[in-house]
Amino acid sequence: TRLFSGLRNQDIKPEAKLTKWSTPLSPMKSIISPCDERDVLPANNKQIHQLVLTYEFEQKETGSFVLRAPALQGYIYESAFESQIMLVFDENKKYLGVADSWPDEIKAPAGKVTVRMQVRHDDVKKLELLKETSVWVERKLGSAITLSTYGSHAAMVTNGVTMKKQTLRKGTTVAAFFKEPPASKLPSECKCGDVLTGSATFEDNASTLPGEGRKPNGSTIRFIVGSKVESDKKNDKAKTPELPDERSIEEKIEDEIRSVKVDQLKKIMEKDDDAKKIEEFYNELLTEYEDYIPLMMAALRYYDKKEKRDDNLEKVKEVADLIVSMIDEKEIAAHFGMGYDKEDAKSCKERKDMEEKKSFLIEALARKAHAELGGDKFHASLQHLAKWEDIEKNKKYAILALEKYKSAKRYGLTLKLLNSLLEKKGDETKDGIFPMTKEDIMKERAEVLKSLDYTNLSERDDSWRRISAALKDYALF
């Protein structure tokens, strides 16, 4: 930016910061159709048509945004089209807000957000011109990104001395260069083509003068996000040393055959077409490979599937106990009580094997504890698991933490955890021992609210659940 003072000597101190982030959306669907039979121009009896554009984006966390349609917003009476309006919905088709010619902020929960924009006109050909119209989702940055200012291009590209306060003499010119922000300061969800906007000010704000002493709100500055540089994480990290494979050819072939058999069992278990044949195949493999823990883990996960676990609780306990009995807990505890040499192949191999055993042990103990729900051994199983995993911090075991809180009548902690899970609709439990859907969490919360005699809140939850289930289509324009 070139600065020139034509009236008097001027103290300058160029500063710039980015405060908003905008990302473009392309329409997923566009439909032109005639409006209602009453939407007819009386002068010439011409039917009014509507173009409905549908956009979708993922809201990572609860927050507010403003919808911008630069080609259409900012006009009313002089608009080329009869009207335009955008309605916003969550993933349950619940109405969240509206955006018109001068849009306000709309608050949305985490999850998928759907935007439906309607544009009306009596000429279908003019509506067809807008079928690829993009809209922009504008959000405020959590904290402003301050840009470094330099007095020359060379100083900017070499990270030289930044520009300080100085006096610009009357009739002279000076240049100010703003450096692009480092990638580490950009929002993690930024992608190529997004635009960050903010303001730049150039005059020094003299505190002795009344008023701003500079242009109010500054001058608009924009930064277009480029493509990200993907680092090769595999090459960035030091390669883990590996021991030479000293197995004989026969041993390698036998291990490969065993792996193939177990993989095939897993595939059959996923389809779950014939439970009897799966049981026979598993028992056959268990007889052949009686000390192979990955085989038992496959069976444990199969019996503990959400949709069939109620009929197999005893089998879950049985297989879990078998796995735990085959793992030396003292050996694992002793191993993780010390460090290991990351440059020694033998030490690295031992650590990898122990990490696998530890993960098997924790999962087996967790699934056994879940199978003991409502029984006398539940708390004992939890105490055993607590030696290896903090279930209150790891959401993979949220179902156990919930039961622990409820059994102790700690309903406040129960509600806190349920609300935390609800923010991401149970996604944090997806890879856990008992994946919870939004409906599961809402049902659990309703039970807790009833236990606390929070009747109004319980009824409100129940009403929203019924409304969400009943919504089949979006609200009309």
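Strand β2 and strand β12 (residues 135-147) pair in the antiparallel sense, and nine bridges join them, in a model that is predicted. Strand β2 itself covers residues 10-25, and β2 also pairs in the antiparallel sense with β17. The points below begin with these pairings, then turn to an open sheet of five strands, to the aromatic rings, to the largest pocket and to one lysine in a helix.

**Strand β2 and its partners**

- Within the pairing of β2 with β12, two positions can be followed residue by residue: Thr23 stands opposite Val137 in β12, while Pro24 has Trp136 as its bridge partner in that strand.
- Strand β7, made of residues 63-68, pairs with β12 as well, in the antiparallel sense and over three bridges, and here Leu67 has Val137 of β12 as its bridge partner.
- Val137 therefore appears in both pairings of β12, since Val137 lies opposite Thr23 and is also the bridge partner of Leu67.
- The pairing of β2 with strand β17 (residues 195-203) is antiparallel and runs over eight bridges, and in β17 it is Ala200 that stands opposite Ala16.
- Strand β14, which spans residues 166-168, is joined to β2 by three bridges and runs antiparallel to it, with Gln166 in β14 as the bridge partner of Ile12.

**An open sheet of five strands**

- In which order do the five strands of the open sheet lie? The order is β3-β6-β11-β8-β9, and the pairing is antiparallel.
- The edges of this sheet are formed by β3 (29-34) and β9 (95-99), each of which pairs on one side only.
- Strands that are neighbours in this sheet are turned against each other by 20 degrees on average, if direction is ignored.
- Strand β8, residues 83-89, pairs with strand β11, residues 111-121, over seven bridges in the antiparallel sense, and Ser83 has Arg120 in β11 as its bridge partner.
- On the side of β9, strand β8 pairs over four bridges, again in the antiparallel sense, and Val88 stands opposite Gly97 in β9.
- Strands β8 and β9 form a hairpin with five residues between them, and in the turn Lys93 has a positive phi of about 65 degrees.

**Aromatic rings and charges**

- A search of the whole structure finds five aromatic pairs, and one of them is formed by Phe89 and Tyr95, whose ring centres are 6.2 Å apart and whose planes meet at 70 degrees, so the pair is edge-to-face.
- Is Phe89 buried or exposed? Phe89 counts as buried because its relative accessibility is 0%, whereas Tyr95 is partly exposed, with a relative accessible area of 42%.
- The rings of Tyr302 and Tyr303 have centres 5.5 Å apart and planes at 55 degrees, so this pair is tilted, and both of these tyrosines are buried.
- Ring pairs also link Phe89, Tyr95 and Tyr474 into a cluster.
- Charged side chains lie over rings at two places named here: the charged end of Arg139 sits over the ring of Trp21, 5.1 Å from its centre, and Lys306 lies over the face of Phe434, at 5.0 Å from the ring centre.

**The largest pocket**

- How much space lies in the largest pocket? The value is about 1,000 Å³, and of the 27 residues that line this pocket, the closest to its centre are Arg247, Lys349, Lys352, Asp353 and Glu356.
- The elements that give two or more residues to the lining are α4 (249-271), α6 (293-303) and α9 (345-371).
- The largest share of this lining comes from α9, which gives nine residues.

**A lysine in helix α11**

- Lys404 has its place in helix α11, which spans residues 398-407, and Lys404 counts as partly exposed because its relative accessibility is 28%.
- Lys404 and Leu373 are 31 residues apart in sequence, and their C-alpha atoms are 9.6 Å apart in space.

Terms used: Residues numbered from 1 in each chain as written. Predicted model: local features only at pLDDT ≥ 70, side-chain atom pairs only at ≥ 80, totals over all residues. Heavy atoms only, no water. Pairing = 2+ DSSP bridges. Axes fitted to C-alpha atoms, helices over the stretch in contact; angles between N-to-C directions. Phe/Tyr/Trp six-rings, centres within 6.5 Å; stacked < 30°, edge-to-face > 60°. Buried < 20%, exposed > 50% of the residue type's maximum accessible area, 1.4 Å probe, protein only. Lys NZ or Arg CZ within 6 Å of the ring centre and 35° of its normal. 1 Å grid on protein atoms, 1.4 Å probe; cavity = no way out; pocket = protein on both sides within 12 Å on 5 of 7 lines; lining within 4 Å. Points joined across faces, edges and corners; volume = space filled by probe spheres on them.
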